[in-house]
Amino acid sequence: MKRICLIATGGTIACVQTEQGFVPGLSGRELLARVPDLGDVAAIDVQQIMNIDSSEMQVSDWRSIARAVFGAAEAYDGVVITHGTDTMCYTAAALSFMLSDLRIPVVLTGAQRPLLLEDSDAVNNLRDACAVAVYGEAGVSIVFNHKIIHGSRAFKMYSKNDDAYVSRNYPYLGKIENGQVIWQHHAKIQRGQPRLFVSLNENVALLKLTPASNPSALDYVAKYGFSGVVIEGFGTGGIANLNRGMAQGIRRLTEERRMPVLMISQCPYDGVNLAVYGIGEQAAKAGVIPGNDMTTETAVVKLMWALGKTQNMSEIAGLLESNICDEITGERKIQPAD
């Protein structure tokens, strides 16, 4: 029988009712005890490394999770991580960069309603996640509402709906139908030695532009010791107040402070292309690095990752513009073993 390591971190799936509202209270072992048929899929061991609301998740917690996964990779056929839904996309993106050349599936899942509630979506998500951990392919993914999403491409679209996540600017990796894992989009086969990288530089700012944005916000970024900034611009890469100081503010960061400025789009789909409009070209001349079609979560994490690897601006730009979602397409059904 295959072996799974379930890493429990808390979240809605583990919540219990208290006078202060729902708070994480169930352990990973208690989750398993309430879904006993999971033992038919695999032999499951539990690591409880925290039990928190995912809104409290910090970069240090990503490191703890990554170390736990890396430590389990040799002994288990797959890993399932139970996690709160609010910051699951950040953690999935972080693990995608912190754990390279994985040989096993690493699956994050959770629930929109606590497992203890009768109408909870937790049981189905746990069953699906365990199936993917056993019969899926290597790499980090989110499994939710019968869908398999690449760890760096997930976006939480709904705060209440069971179908909480979508895959942005990338096909779904697959789906689960009647307990069968159907893999539809295969990630590139990794041939290197599995590696753990935890030296993220967490001093990254995120700035969402509005028509009223003031260039002084960029001076704040410089003043308070940030190492890089992600800017959510308009459309294909427009910057508010470009002709009233924003471009100069960006240039002060990129040229004087040697600070990378990564641009992504506020639009959920398609991404930025600074070559389309004159205003985008001016942004590029100011030193903006295009984030292409990255999600906000992936852009923030990828900049932390790049800054953790090097301080050289051209090397950082190269890392940020590289695509970690190299793939081959196709479909195959993965049948449970008899």
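Which residue in β4 does Arg3 stand opposite? In this predicted model, the residue opposite Arg3 is Ala43. Arg3 belongs to strand β1, which spans residues 3-10. Strand β4 covers residues 43-52. The two strands, β1 and β4, pair in the parallel sense, with 7 bridges between them. Strand β1 is mostly covered, with 7 of its 8 residues buried.

Strand β1 also pairs with β5. This pairing is parallel too and runs over 5 bridges. Within it, Cys5 has Val79 of β5 as its bridge partner. Strand β5 consists of residues 78-82 and pairs in turn with β7. The sense is again parallel, and 4 bridges are formed. Here Ile81 is bridged to Leu108 of β7.

Strand β7 comprises residues 105-109. Because 5 of its 5 residues are buried, β7 is largely enclosed by the rest of the structure. Pro105, Val107 and Thr109 point one way from the strand. Val106 and Leu108 point the other way. All of these residues are buried, whichever way they point. Strand β7 pairs with β8 (residues 139-144) as well. That pairing is parallel and has 4 bridges. Leu108 stands opposite Ile142 of β8. Leu108 is therefore bridged to Ile81 and set opposite Ile142, with β7 pairing with both β5 and β8. Helix α4, residues 122-135, joins β7 and β8 in a β-α-β unit. The unit is left-handed.

A pocket was examined next. The second largest pocket has a volume of about 230 Å³. Its lining is made up of 16 residues. Thr12, Asp53, Thr85, Asp86 and Gln112 lie nearest the pocket centre. By class, the lining holds 5 nonpolar, 7 polar and 4 charged residues.

Further along the chain, Val230 lies in strand β16, residues 228-233. Is Val230 buried or exposed? Its relative accessibility is 0%, so Val230 counts as buried. Leaving aside residues up to four places away in sequence, Val230 touches Val204, Ala205, Leu206 and Leu207, among others. Its contacts also include Leu262, Ile264, Ala299, Val300 and Leu303. Val230 and Ala299 are 69 residues apart along the chain. Their C-alpha atoms are separated by 7.0 Å.

Conventions: Residues are numbered from 1 along each chain as its sequence is written. This is a predicted model: local features need pLDDT of at least 70, side-chain atom pairs count only at pLDDT 80 or more; totals for chains, interfaces and linings use all residues. Side-chain values use heavy atoms; hydrogens and water are left out. On a 1 Å grid over the protein atoms alone, a cavity is a set of points where a 1.4 Å probe fits but cannot get out, and a pocket is an open set with protein on both sides within 12 Å along at least five of seven lines; lining residues have an atom within 4 Å of a point. Grid points are joined across faces, edges and corners, and a volume is the space filled by probe spheres set on the points. Ala, Val, Leu, Ile, Met, Phe, Trp, Tyr, Cys and Pro count as nonpolar, Asp, Glu, Lys and Arg as charged, and the others, Gly among them, as polar. Buried means under 20% relative accessible area, exposed over 50%, partly exposed in between (1.4 Å probe, protein chains only). Two strands pair if DSSP finds at least two bridges between them. A crossover is right-handed if, with the strands pointing away from the viewer, the path from the first strand over the helix to the second runs clockwise. Contact means heavy atoms within 4.5 Å.
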